[in-house]
Amino acid sequence: MMKKRILKLLALALCAASLLSLPALAAEEAAKAEEAPQPLAAVALRGTVTKQEDGSLLLTSSAAETAGEEIVVHVQEGTPYVDSVTGESMNLDEIKDGDLLHIWVNPAMTMSLPPQTTALVILGKIPADKAVPQYVEINAPAVFPAPGGEGERRIPYAGGELTVSEATEVKPYRTRNIVTLEDLIPGTTLLAWTGADGKAERVLVFPYGYRGYLKAGEDGIRLSGEELEAKGRVFEDEYGAQLYLPLRIVAESAGFDVKWVSGRGAVVSLAGEERFVVSEGGDTAQRVDDPYSLLSPCVVEKGVTYLPAVDLASLLELYLCA
């Protein structure tokens, strides 16, 4: 079940944080994650690296709290490698043994020795006298104006908030597309260089990986800021209470087609291509390429098909706000 995998990943993240004595901020965010269903903040690692045969990096920590400890960082194709001062893109193939890197990684780590995780962003050309940029995944709509700051807005992310304004320089990563403050929506990832006042002076925005974002609850559902004529429902199963969303109205609002097929269930398609099928009581969304394990079983009530909010967002390629 997907829930078991989520709990396992959380346990691994917490265990690895304890094992590595990671920075206090990461440990604090891990503790908060036990209390509320919010994503863990990315973890910052700094140290010298040795390239492995499989393309991963063995990082030897140079941070005061974890000096000398090792962790394997897997680097996927397309992982951003950025000059920490200029924000310019760098070539992953040019990383050499002994290079000092600052790497933002996925907080979910294996319990192996050394622990293993995956790079989100790699920073090179680390200056001795300047702070490196903060990696941010925006997890909720902006709040503005920020208190006491005319024209400013607060951008929530796992672990804190980022203050931006019209004075903030906004640039895209490796494209010539025009990006503005209005593009800083939930699901966006970026690097932020902040000034002495903690406010963002410059941000580097990475390509958006979702079809939109959902803000959902029992009081209503909003898709990319637009309110839908539907509300979330809470259903209980053996794992406890879960927030469910109505499949059809959310999927169709996101541009998908939904039809009921006798003997199969609700069939969801996009541009004529079948994406997944769910049926009442089923704990799996059937996809052409591979099955998807649901957090909790599909529910049909009074002719309305419901799926857990986390699962529906994932299947529709939507970002689910905190």
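This passage describes the overall make-up of a predicted model, followed by its strand pairing, its salt bridges and the surroundings of one buried residue.

Across the protein the pLDDT averages 87, and 86% of the residues score at least 70. The stretch of residues 1–37 has a pLDDT below 50, although in the model this stretch makes 59 contacts beyond near neighbours in sequence. The secondary structure of the protein comprises 4 helices and 25 strands. Of the 322 residues in the protein, 45% are buried, and the accessible surface amounts to about 16700 Å², with carbon and sulfur atoms contributing 49% of that area. When contacts between residues at least 6 apart in sequence are considered, 51% of them join residues at least 24 apart.

Strand pairing was examined in two regions. In one of them, an open sheet of 3 strands follows the order β18-β19-β20 and is paired in the antiparallel sense. The edges of this sheet are formed by β18 (257–261) and β20 (273–278), each of which has a single partner strand, so that one side of each remains without a neighbour in the sheet. From one strand to the next, the twist averages 30°. The antiparallel pairing of β19 (residues 265–270) with β20 extends over 5 bridges, and within this pairing Val267 has Val277 of β20 as its bridge partner.

The other region involves strands from an earlier part of the chain, where both senses of pairing occur around β3. Strand β2 (residues 57–61) pairs with strand β3 (residues 70–74) in the antiparallel sense over 4 bridges, whereas the pairing between β3 and strand β6 (residues 116–124) is parallel and spans 3 bridges. Val72 takes part in both pairings, since it is the bridge partner in β3 of Leu58 and is itself matched with Gln116 in β6. In general terms, strands of a sheet pair through backbone hydrogen bonds, in either a parallel or an antiparallel arrangement.

A search of the whole structure returned 12 salt bridges, and three of these are described here. Asp83 forms a salt bridge with Lys125, with the closest N and O atoms 3.9 Å apart. Distant parts of the chain are linked by this pair, as Asp83 belongs to strand β4 (residues 81–83) while Lys125 lies in the loop between β6 and β7 (134–137), 42 residues apart. The two partners differ in their exposure to solvent probe: Asp83 counts as buried because its relative accessibility is 7%, whereas Lys125, at 58%, counts as exposed.

A comparable contrast is found for Arg153 and Glu182, whose side chains meet in a salt bridge with an N to O distance of 3.1 Å. Here too distant parts of the chain are linked, with Arg153 in strand β8 (residues 153–157) and Glu182 in the loop between β10 (169–172) and β11 (189–194), the two residues being 29 apart in sequence. Arg153 has a relative accessibility of 9% and is therefore classed as buried, while Glu182 is exposed, with a relative accessible area of 54%.

The side chains of Glu317 and Arg275 likewise meet in a salt bridge, at 3.1 Å from N to O. Because Glu317 is placed in the loop between α4 (309–315) and β25 (319–320) and Arg275 in strand β20, this pair ties together parts that are 42 residues apart in sequence. Both partners are partly exposed, Glu317 with a relative accessible area of 34% and Arg275 with one of 24%. Through Arg275 the salt bridge thus involves β20, which is one of the edge strands of the open sheet described above.

Finally, the surroundings of Ala200 were considered. This residue lies in strand β12 (residues 200–205) and counts as buried, because its relative accessibility of 7% falls under the 20% limit. When residues up to four places away in sequence are not counted, Ala200 touches Leu162, Thr163, Val164, Thr168, Trp193 and Thr194. Ala200 and Gln134 are separated by 66 residues in sequence, and the distance between their C-alpha atoms is 9.7 Å.

Conventions: Residues are numbered from 1 along each chain as its sequence is written. This is a predicted model: local features need pLDDT of at least 70, side-chain atom pairs count only at pLDDT 80 or more; totals for chains, interfaces and linings use all residues. Side-chain values use heavy atoms; hydrogens and water are left out. Buried means under 20% relative accessible area, exposed over 50%, partly exposed in between (1.4 Å probe, protein chains only). Contact means heavy atoms within 4.5 Å. pLDDT is the predictor's confidence in each residue, from 0 to 100. Accessible areas come from the Shrake-Rupley method with a 1.4 Å probe; for residues, only the protein chains shown count as cover. Two strands pair if DSSP finds at least two bridges between them. Axes are lines fitted to C-alpha atoms, for helices over the stretch in contact, and angles run from 0 to 180 degrees between N-to-C directions. A salt bridge is a side-chain nitrogen of Lys or Arg within 4 Å of a carboxyl oxygen of Asp or Glu.
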